[in-house]
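I opened the notebook to go through one chain, element by element. The entries follow the order in which I looked things up.

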Amino acid sequence: MDSMKPSKNKLARTLAKVLHFRTGIAPVDSGIEKVGIEIKKKGDKDDRNDEEEEGEESLAMEAFLAKLFASISCVKCCYAQLQFCQSPYDVDGIQMADRMVVSELKNLSELKRCYLKKQFEDDPSPRTSLVLAEIQEQKSLLKTYEITAKKLENQARLKDSEAIFLREKLDEVNKQNKEFEKKLNQSGQVLSVLDNLHFSGLNPSHFIAVLRHSVRSIRSFVRVMIEEMKTANWDFNAAAYAIQPEIVYWREEHKVFAFESFVSREMFDGFCYPNFVLSKEQCLTSTTRQKERFFSRFTEVKSSKTKEFLCKKPKSSFANFCRLKYLKLIHPKMEVSFFGDQSFRNLIQNSNGEFPMFDSSTFLASFFEMAKRVWLLHCLAFSFEPQASIFQVKKGCRFSEVYMESIAEEVFPLSQNDMSFCSSQESDSNVAFTVIPGFKIGKTLIQSKVYLSQILH
């Protein structure tokens, strides 16, 4: 056991030397690792610095662009304000807006200089500048919208004023037209071209002239009737479709033709009879003396004012014709709706040798003037040899330019597209209804005025 101790001590010393040797190398390796770690940390720090610098540069650029857009929005706002102050002209407002525009243009110039010299990177707080610039841009946009809204409001008020002015002007013109038309009708000057007409010189051109005036009087009465219907809150569309059902109109305003067709149909009903009713006189042979008698009636009524003639001769053929057509054309419900009662109707039916007065009503005056024109046309028709005959075109007949004329083209001006459309439609269209009947005097044919439309099935 004792012999083993020196060996153990020797082994221990050998191990100590080895360990000492390892320990002497270990500090060298540790130092290298520390240097590597320090280099790595320095590199990471440099990378973070670079990223931070790039982030700051990017943020500074964003702040600069925000300032640029805010300044541009402000220029737009100032320019909008400048325009707004020009109408109506505001000197102070224009000068203030002009100074603001100049100021913002200088600001833009300063931003350009900063960008070229890259001085925008010197902003100490780009985040704050970014937020403030965005706020300024939104304020400028909001101000621009407010100015635009005010401008539109002013334009709307101006348009309203123009509309009111034009409406008043239209009412004034319509009033003047009614007065002129009333004076013209009452004076009898519309047929002054026939003053020197003699029975021996009668020809179809005279009949055409009277027919033209008769058609005008029918349209004038229809206009007055429609105005009365609107005043009484009638359903205009329902009334039009009640007169002419299942009709497709080319345009909305064409519905007036339905009312013209109704009035025309009632006024010309019985036109082929001497007194608009079948009587013994119809059975008599037509002689020159009878034709001269009708021409004398024509001359007598033409040269007189309607009201004066009816008051003077309340039992004449013309007065009886007026009574007959009024009771047939004007429905009792319409009369109540227009006048509140049937007093005039009762006077017409129960007149004892007198004709009721009607000059206070535009509606009645228009009706009796229309009746006068139709009566004159009737008297003139029976003055011809052979006497003028009347014809109407049935619904559904194919359109023929020989016997018919499209009234829509005559009354309402058509555009080039509408004219081409109407021309194509006439060639293969059917008659929806007759508005004004046609006439024939010997070999002279006067076309019937019809409305063309597709019929709903």
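**Entry 1, a histidine.** I began with His 206, which I found in helix α4 (residues 204-231). The model is predicted, so I take every value here as computed from it. Is His 206 buried or exposed? The relative accessible area of His 206 is 16%, and it counts as buried because the limit is under 20%. I then listed what touches His 206, leaving aside neighbours within four places in sequence: Leu 194, Leu 197, Gly 201 and Leu 380 are in contact with it.

**Entry 2, helix α2.** I checked the length of helix α2, residues 91-116. Its 26 residues should span 38 Å at 1.5 Å a residue, and the end C-alpha atoms are 38 Å apart, so the two values agree. I noted the buried residues of α2 as Gly 93, Ile 94, Ala 97, Val 101, Glu 104, Leu 111 and Cys 114. Glu 104 is thus one of the buried residues in α2. Just after the helix, I found Lys 118 with a positive phi of about 55°.

**Entry 3, the core.** Which residues have the most contacts inside the largest nonpolar core? I read off Phe 207, Val 263, Phe 368 and Tyr 451, in a core of 71 residues. Helix α13 (residues 362-381) contributes the most to this core, giving 13 residues. I followed Phe 368 further. Without its neighbours within four places in sequence, Phe 368 is in contact with Thr 306, Leu 310, Cys 322, Phe 344, Ile 348, Phe 355 and Phe 358.

**Entry 4, the sheet.** I looked up an open sheet of three strands and wrote down its order as β2-β6-β3, with mixed pairing. Its edge strands, β2 (404-406) and β3 (431-436), each pair on one side only. On average, neighbouring strands of this sheet are turned by 45° against each other, direction ignored. How many bridges join β3 to β6? I counted four, in the antiparallel sense, with β6 covering residues 448-452. For a single pair I took Thr 434, whose bridge partner in β6 is Val 450.

**Entry 5, the helix across the sheet.** I next placed helix α6 (residues 256-268), which lies across β3 and β6 and runs at about 60° to β3. Ala 258 belongs to α6. Its relative accessibility is 0%, so I put Ala 258 down as buried. Which residues does Ala 258 contact, neighbours within four places in sequence left aside? They are Ala 240, Ile 243, Gln 244, Tyr 249 and Phe 433. I checked the C-alpha atoms of Ala 258 and Phe 433: they are separated by 8.3 Å, with these positions 175 residues apart along the chain.

**Entry 6, salt bridges.** I obtained a count of eleven salt bridges and looked at some of them in turn.

I took Arg 251 and Glu 253 to begin with; their side chains meet in a salt bridge at 2.7 Å, N to O. Arg 251 is partly exposed at a relative accessible area of 25%, and Glu 253 is partly exposed at 33%.

I went on to Lys 291 and Glu 385, whose closest N and O atoms are 3.3 Å apart in a salt bridge. Why does this pair tie together parts that are 94 residues apart in sequence? Because Lys 291 lies in helix α8 (residues 288-302) and Glu 385 in the loop between α13 and β1 (389-391). Lys 291 is buried, with a relative accessible area of 3%, whereas Glu 385 is exposed, with 63%.

I then turned to Lys 313 and Glu 300, where the N to O distance of the salt bridge is 2.1 Å. I located Lys 313 in the loop between α9 (306-312) and α10 (317-329), and Glu 300 in helix α8, 13 residues apart. Lys 313 is partly exposed at 33% relative accessibility, and Glu 300 is partly exposed with a relative accessible area of 31%. I closed with Glu 266, Asp 269 and Lys 328, which are joined into one network by salt bridges that share partners.

Note on methods. Residues are numbered from 1 along each chain as its sequence is written. This is a predicted model: local features need pLDDT of at least 70, side-chain atom pairs count only at pLDDT 80 or more; totals for chains, interfaces and linings use all residues. Side-chain values use heavy atoms; hydrogens and water are left out. A nonpolar core is a set of buried Ala, Val, Leu, Ile, Met, Phe, Trp, Tyr and Cys residues joined through side-chain atoms within 4.5 Å. Buried means under 20% relative accessible area, exposed over 50%, partly exposed in between (1.4 Å probe, protein chains only). Contact means heavy atoms within 4.5 Å. Two strands pair if DSSP finds at least two bridges between them. Axes are lines fitted to C-alpha atoms, for helices over the stretch in contact, and angles run from 0 to 180 degrees between N-to-C directions. A salt bridge is a side-chain nitrogen of Lys or Arg within 4 Å of a carboxyl oxygen of Asp or Glu. The expected span of a helix is 1.5 Å times one less than its number of residues.
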